[in-house]
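Reader: I should like to understand the terms used for the way chains are arranged and meet. May I put some questions about them?

Author: Please do, with the structure in view.

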Protein chains: 6
Amino acid sequence: MPVVHIHMWEGRTDDQKSAIAKGVTQALTDAAGIPASATTIIIHDTKKSDWAESGVMASETSHTANRETFSNR
Amino acid sequence: MPVVHIHMWEGRTDDQKSAIAKGVTQALTDAAGIPASATTIIIHDTKKSDWAESGVMASETSHTANRETFSNR
Amino acid sequence: MPVVHIHMWEGRTDDQKSAIAKGVTQALTDAAGIPASATTIIIHDTKKSDWAESGVMASETSHTANRETFSNR
Amino acid sequence: MPVVHIHMWEGRTDDQKSAIAKGVTQALTDAAGIPASATTIIIHDTKKSDWAESGVMASETSHTANRETFSNR
Amino acid sequence: MPVVHIHMWEGRTDDQKSAIAKGVTQALTDAAGIPASATTIIIHDTKKSDWAESGVMASETSHTANRETFSNR
Amino acid sequence: MPVVHIHMWEGRTDDQKSAIAKGVTQALTDAAGIPASATTIIIHDTKKSDWAESGVMASETSHTANRETFSNR
């Protein structure tokens, strides 16, 4: 029954997406008793040139400030 | 006035999408008197590797279980 | 499999919404062979004071220009 | 950075929603190394009379078929 | 032609929403030559108890940390 | 805090998108005092063959009727 839209920067592998889907579905079960069979998840890969924070595209900032913050991903 | 977002697996032809747009617009007119000129429809093609049901990506299940269920599409 | 989000002005009755859901689901079947059991529809009722066309809230225009256009609804 | 929209039937308590937010955020960290501080979650409570599966509003079916399936929620 | 969905905390007045619609529509014209008549804006008021950052509902944090950050709104 | 999804036809340049993000973020500040640092904008490029108005795909109409209306873009 829940429909979950996840918007994130492109670049995750299929394995990571699979793990995201499994983990988010499990989280809904653990938190609110929602059966896994009721959950639909749709991942929306987004280019950094289509995503802005503070009025600046992520494509213009990610090679500097974000390099460290998100270095593990 | 209505804005309709349709999220579905990629693979439909332009002709099928055109038929979907026409049919959904007509359905809104028939069901609630909404004039066709007021309806906007946006189709979001989604890869099966970005779509999960029951915590499993559709790309991992569709070649088996879904083959029969959706054989006509 | 398709997830359909319909954003429209509030005011439709439950019967009209039920007819919309039935009609849109059928339209997807007729247009692209999508089985009814695969379709999820979510209706988002929206206040006219939360909806703008041409930079003007529908709540400010609907009592004039739209009165005729949408008089049948 | 990820923005997560969760559409589900209304009725969850604030505590359950809080647990959902915490769990989904953690799942994104575990699955793809996304730092918690980068995640935004928006929950969209939806009336069963605004949600349809198989062309039928959940408000018309949930008191029968769904009673058992979702009895734990 | 553009459809803009704005998700934000509830609490803005109708006047503020009207100013948002006018300003965003104008911004699209100024930035990319999009005529005002082509733009639809839908505002989604969201309760702080339905919105989470860093895995914590805004309703649990806004009375402390956010008090200063957003004091002008 | 606001999350803004902008759905529009593909074809804008990165410079135009950057200007859109900057302008929309500024408009939210000017209209409602929302600090730029709180705003996330996600642009969804859409093919004209995935967008319908009045039940007709934009890909089928834009080379005629829209040529004049949108000639400046």
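Reader: By what turn and what shift can chain D be laid on chain A?

Author: In this predicted model, a turn of 180° and a shift of 0.0 Å along the axis lay chain D on chain A, with an RMSD of 0.0 Å. Because of this, the relation is that of a two-fold axis. The same surface serves both copies, for 100% of the contact residues of chain D recur in chain A.

Reader: What makes chain B and chain E meet through the same surface?

Author: Of the interface residues of chain B, 100% are also interface residues in chain E, and therefore the copies meet through the same surface. Chain B can be laid on chain E by a turn of 180° and a shift of 0.0 Å along the axis, the RMSD being 0.0 Å. Among the residues of chain B, B:Val3 comes closest to the rotation axis, its C-alpha lying at 4.0 Å.

Reader: How many residues of chain B and of chain E are in contact?

Author: Contact requires heavy atoms within 4.5 Å; 4 residues of chain B are in contact with 4 residues of chain E.

Reader: What area is buried between chain B and chain E, and what part of it do carbon and sulfur atoms give?

Author: The buried area is about 230 Å², and carbon and sulfur atoms give 80% of it. On the side of chain B that touches chain E, strand S1 (3-9) and strand S2 (40-46) of chain B each supply at least two residues. The residues of that side comprise 2 nonpolar, 2 polar and no charged.

Technical notes: Residues numbered from 1 in each chain as written. Chains lettered and ligands numbered in written order. Predicted model: local features only at pLDDT ≥ 70, side-chain atom pairs only at ≥ 80, totals over all residues. Heavy atoms only, no water. Buried area = accessible area lost by both parts, 1.4 Å probe. Helix = DSSP H or I, 4+ residues; strand = E, 2+ residues; numbered from the N terminus. Nonpolar A, V, L, I, M, F, W, Y, C, P; charged D, E, K, R; others polar. Least-squares fit on C-alpha atoms with pLDDT ≥ 70 in both.
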